[in-house]
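Got your viewer open and a hand on the mouse? Let's take a walk through this one, stop by stop.

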Amino acid sequence: MSNKSKFRAIKGTRDLLPSETALWNHVEQTAHSIFSTFGFGEIRGPIFEPTELFARSIGVDTDVVGKEMYSFEDRDETTVSLRPEATASVCRAYIEHGMQQFPQPVKLYYTGPMFRRERPQKGRYRQFYQIGAEVLGGTDAPAIDAELIEMLMTFFDKLGLEGIELNINSIGHNAPNCRPAYVELLRAELTKVKDKLGSDSQRRIDTNPLRVLDSKLEFEQGVIATLPHIADHLCPDCAAHYASVKTQLELRGIIYRENWRLVRGLDYYMRTTFEITARGLGAQNAVCGGGRYDGLVELLGGPPTKGIGFAIGEDRLILSLQESGKAPSKQGRDVYIAWMGEHAYATAVRAAKDLRNAGFSVELPPTELKFAKALSHADKLGAKFALILGDNEVSEGLWTLKTLADGRQQKLPEPALIEHLRNSLSPSPPL
Ligand code: HAM
């Protein structure tokens, strides 16, 4: 028996091929340009960090830290984990680089892979990609929350993302007259209806009653609808902050839906939370999640610092764009050089170099092909023009250019070629 079984990408991971990466690049370039108009700078951090960083910020009892991290012992016996998200890392970097000395607030964004050992399904992977942004330091002025959301909506709008809905909520803060009092009330109400809930929710009555509000189980929905709303139990400061965030959103013409069940699954959140859903994604329809996390930097050993941010699931964003027909046209080539003869080949190499320098995409076959074969290859590659170079063309200095869509052929002197191509090739259509 030969041991040549084929390798496949590990479950929950995948390859992105050129037919898809064109759209990925377009999305990332749009993020770079929109985010920079809002004054954000890019941060690139490590893909693994001490496990303790995530445990302390996201929370040991969360699914992400409790069940989903890829962790391993490093040789020096520290436990490290592949990052399941990047907010904790950005806060670590803020402290490590003394960014509290920078003009505040510090506005950072990132793109890159994250890792969570979840059950793979449509829009859910074990290696997935986020585009995120964080605003750290300065004040917790509600205008910051609203401007961050405005940036998100501008980005989605620029990409033409369809059917999006912005959900917002406030989950108050950790003081006896605010969220903890609501959590106790919720626990008491849930205990009364315990036997109408499934086993996960029953367990959460003790561990984290807020998470019961996340439940998607059909039979629990009726009971959940009768539970008290956190907005009615916020302390005066949190209530005022939430009201002001809404006013600030309205000032920017941003349409939102208040969703009292939006509690988010990570421990560091307080006050503003938000999520955006998009069309065409099935069960995993959250394309972006975020919220305020004042105090997280302090929890990680830094100075008292305000913070708010979001992360977009780039895989889901791309899926939604593809489902609504926003995928780019095939890669194609501008010019295919059909050369014949050693003499012509030297000219073809030079022509390819000049055309590429002028910005055209060029395919130069590495070996000589029969004319018909070359043209059919050009067709398969989606080339727009074939530049035909044989001995005649080279000695006359007149090159033959064939438009592949209609078969039209014309002779052009070499110096006129680039200008002619510039005029006939309109720039690639926007996605
Ligand atoms: P999150 O809600 O855990 O928040 O993730 C943000 C987004 O990442 C989700 O809305 C989803 O689109 C995408 N996502 C999460 N898990 C997966 C997965 N397994 N496969 C595909 N996409 C996924 C955070 O990560 C926070 N760090 C966001 C944040 C930044 N809050 C404040 N600042």
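What follows is a short tour of helices and single residues, with something to select at each stop.

Before you click, note that this is a predicted model, where local features need pLDDT of at least 70 and side-chain atom pairs count only at pLDDT 80 or more, while totals for chains, interfaces and linings use all residues. Residues are numbered from 1 along each chain as its sequence is written, and side-chain values use heavy atoms, with hydrogens and water left out.

**Stop 1: two helices**

Select residues 18-37, helix α1, and residues 142-159, helix α5. Helices here are DSSP runs of H or I with at least four residues, strands are runs of E with at least two, and both are numbered from the N terminus. The axes of α1 and α5 lie 10 Å apart, and the angle is about 140 degrees. Axes are lines fitted to C-alpha atoms, for helices over the stretch in contact, and angles run from 0 to 180 degrees between N-to-C directions. That makes α1 and α5 oblique to each other; angles under 35 degrees count as roughly parallel, over 145 as roughly antiparallel, 65 to 115 as roughly perpendicular, and the rest as oblique.

Now show side chains. From α1 come H26, V27, T30, A31, I34 and F35, and they meet M151, T154, F155, K158 and L159 of α5 (contact means heavy atoms within 4.5 Å).

**Stop 2: the other end of α5**

Keep α5 and add residues 236-251, helix α9. The axes of α5 and α9 come within 8 Å and cross at roughly 45 degrees, so this pair is oblique too. Which residues of α5 meet α9? Look for P142, A143, D145, A146 and I149, which face H241, S244, V245, Q248 and L249 in α9.

**Stop 3: an enclosed helix**

Go to residues 314-323, helix α11. Eight of its ten residues are buried, so α11 is largely enclosed by the rest of the structure. Buried means under 20% relative accessible area, exposed means over 50%, and partly exposed is in between, using a 1.4 Å probe and protein chains only. The buried residues are E314, D315, R316, L317, I318, L319, S320 and L321. They pack against α1 and α5 from your earlier stops, along with β6 (127-136), β10 (286-292) and β11 (307-313). Just after α11, click G325, where phi is positive at about 75 degrees.

**Stop 4: R264**

Find the loop between β8 (257-258) and β9 (270-277) and pick R264. Is R264 buried or exposed? Its relative accessibility is 16%, so R264 counts as buried. A polar contact of 2.9 Å links its side chain to that of Y269. Such a contact is a pair of N or O atoms within 3.5 Å; within protein, one must be able to donate a hydrogen and the other to accept it, and residues adjacent in sequence count only if both atoms are side-chain atoms. The side chain of R264 also reaches the backbone oxygen of G290 at 3.5 Å.

**Stop 5: T400**

Jump to strand β15 (residues 398-403) and select T400. With 4% relative accessibility, T400 counts as buried. The side chains of T400 and E393 share a polar contact of 2.8 Å.

**Last stop: D63**

Finish in helix α3 (residues 63-67) at D63. This residue counts as partly exposed, at 24% relative accessibility. Leaving out residues up to four places away in sequence, D63 touches E68 and R204.
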